[in-house]
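Reader: Hi! I'm new to reading structures and would like a close look at a single part of this one. Could you walk me through it slowly?

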Amino acid sequence: MRLAAPVKPSPAKTEQIILFRVSGQLFAVSSASVQEVRSADSMSGAAIEINAPGLRKVRHVVRRGDRSLFIVNGAMHFGLHAVEGALLFVLRKTRTALLIDGIEKMATMTRLQALPLSFCHEERQWYRGLTALDQSVVPVVHPEGFLSPEELALLDAALLEADNSAAAGLEETESAQ
Amino acid sequence: MTVSAELELRSFVLLRLGERRFAVSANQIAELVAPSRIFRFPHRTPKLEGVILRRGRIVPVCDVSEILLGKRLTSRRFYLIAMRNYATQREWIAIPVTGECELINTDMMAAAESDAPHVAGWLSHDGDVIEVLNLDTLTPGPEQALAEATAAQRAEALP
């Protein structure tokens, strides 16, 4: 009789995550979703003010070639006590630069649990799920969840309006000269 | 009591919230546990306090005291871990209770149409008439969110 070869346990799928704080609250994001980490000061020179009605969480936009990155205040997005963010996460494959307090640490996530179905409002767009780390539970954010298509349309319209008024202002100055 | 009458009896867990007692069908209850640390994070679902870690699972804590008593109870003695049915899934939820729980066998009187949606039925025990709770309508879930959104849309459409 031949015994079946022992099955090698397959290594558990892991994911590198960055733990960060927004208004004191801990969140996680997949490190693969973060394209750049910048200090908020380094971006302030290039940022243009923008005002989309009803969208207080975005106050600035940064132009990068033909691409616009909207700076989302993390505290306002999550409805937390607003604090001055110190760092920006430029999120890959999105038009979002997320303003956060700071990075806590890097960690390895071994299991992502789906958000329980009892959570049934906007948080379902905000989070990919929850993970247990060091006897604590941390929500793992969805990089695309910071700006909905409707919000992006609002921001694009506000940006166009800002561009038009800037162009009109420039024309006026030129004709005055 | 005859054998046939005995067969009709069902098991219920009696739970205490403040001064009142409520019942939940025992087959929905997984366990009764001492309060543990609640992990809170931002969300927009009312009645959800956060989550607890239980046997490696993340279990949402649903406070039902405000709906049932009209006021929020901050003291809690146990969490009743119960199974909540969603459209195609079942998940655990933790319900904070303020006193001891008791397992009883009794028969249930069906709820009337005029009863609140969270009332699955009524039972009589120790001279009290006790509401049997329907956790699927009492605690938040996608169907409640949909109903809330529809109601909000209707309210907006009104002149």
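Is B:Glu49 buried or exposed, and what does its side chain meet in a salt bridge?

Author: Happy to. Keep in mind that this is a predicted model. B:Glu49 is buried, because its relative accessible area is 9% and anything under 20% counts as buried. Its side chain meets that of B:Arg76 in a salt bridge, with N to O at 2.8 Å. As a bit of background, side chains of opposite charge can pair when their charged atoms come close.

Now look at where the two partners sit. B:Glu49 belongs to strand S4 of chain B, while B:Arg76 lies in the loop between helix H2 (65-69) and strand S6 (78-85), so the salt bridge ties together parts that are 27 residues apart in sequence. B:Arg76 isn't hidden the way its partner is: it counts as partly exposed, with a relative accessible area of 22%.

There's another pair to find, too. B:Arg72 forms a salt bridge with B:Asp63, and here the closest N and O atoms are 3.4 Å apart. Once again a buried acid meets a partly exposed arginine: B:Asp63 has 6% relative accessibility and counts as buried, whereas B:Arg72 is partly exposed at 46%. These residues belong together, since B:Arg40, B:Glu49, B:Asp63, B:Arg72 and B:Arg76 are linked in a network of salt bridges.

Let's step back to the chain around that network. Chain B has four helices and eleven strands, and its C-alpha trace spans about 60 × 45 × 35 Å along its principal axes. Of its 159 residues, 45% count as buried, B:Glu49 and B:Asp63 among them. If you take the contacts between residues at least 6 apart in sequence, 52% join residues at least 24 apart. As for charges, chain B has 18 positive and 20 negative ones, and the mean positions of the two groups are 9 Å apart.

Next, follow the chain back from strand S4 (48-54) into the loop that connects it with strand S3 (29-33), where you'll find B:Thr45. B:Thr45 is buried, with a relative accessible area of just 3%. What covers that spot? Leaving out residues up to four places away in sequence, B:Thr45 touches B:Pro140 from its own chain, and also A:Ser118, A:Phe119, A:Cys120, A:His121 and A:Glu123. So you've arrived at the place where chain B meets chain A. The same loop between S3 and S4 holds B:Arg44, whose partner A:Glu122 is in the loop between S9 and H3 of chain A. The side chains of B:Arg44 and A:Glu122 meet in a salt bridge at 3.0 Å, N to O. Both ends are partly exposed, B:Arg44 at 34% relative accessibility and A:Glu122 at 39%. The count between chain B and chain A is one salt bridge, against 20 over all chains.

To finish, here's the wider meeting of the chains. In total, 27 residues of chain B are in contact with 26 residues of chain A. The area buried between them is about 2,100 Å², and carbon and sulfur atoms give 64% of that. B:Pro42, B:Arg44 and B:Ile58 supply 34% of the area that chain B buries against chain A, more than any other three residues.

Definitions and conventions: Residues are numbered from 1 along each chain as its sequence is written. Chains are lettered from A and ligands numbered from 1 in the order in which they are written. This is a predicted model: local features need pLDDT of at least 70, side-chain atom pairs count only at pLDDT 80 or more; totals for chains, interfaces and linings use all residues. Side-chain values use heavy atoms; hydrogens and water are left out. Helices (H or I, at least four residues) and strands (E, at least two) are DSSP runs, numbered from the N terminus. Buried means under 20% relative accessible area, exposed over 50%, partly exposed in between (1.4 Å probe, protein chains only). Contact means heavy atoms within 4.5 Å. Lys and Arg count as positive and Asp and Glu as negative; His and the chain ends are not counted. The place of a charge is taken as NZ of Lys, CZ of Arg, CG of Asp or CD of Glu. Buried area is the accessible area (1.4 Å probe) that two parts lose on being put together, summed over both. A salt bridge is a side-chain nitrogen of Lys or Arg within 4 Å of a carboxyl oxygen of Asp or Glu.
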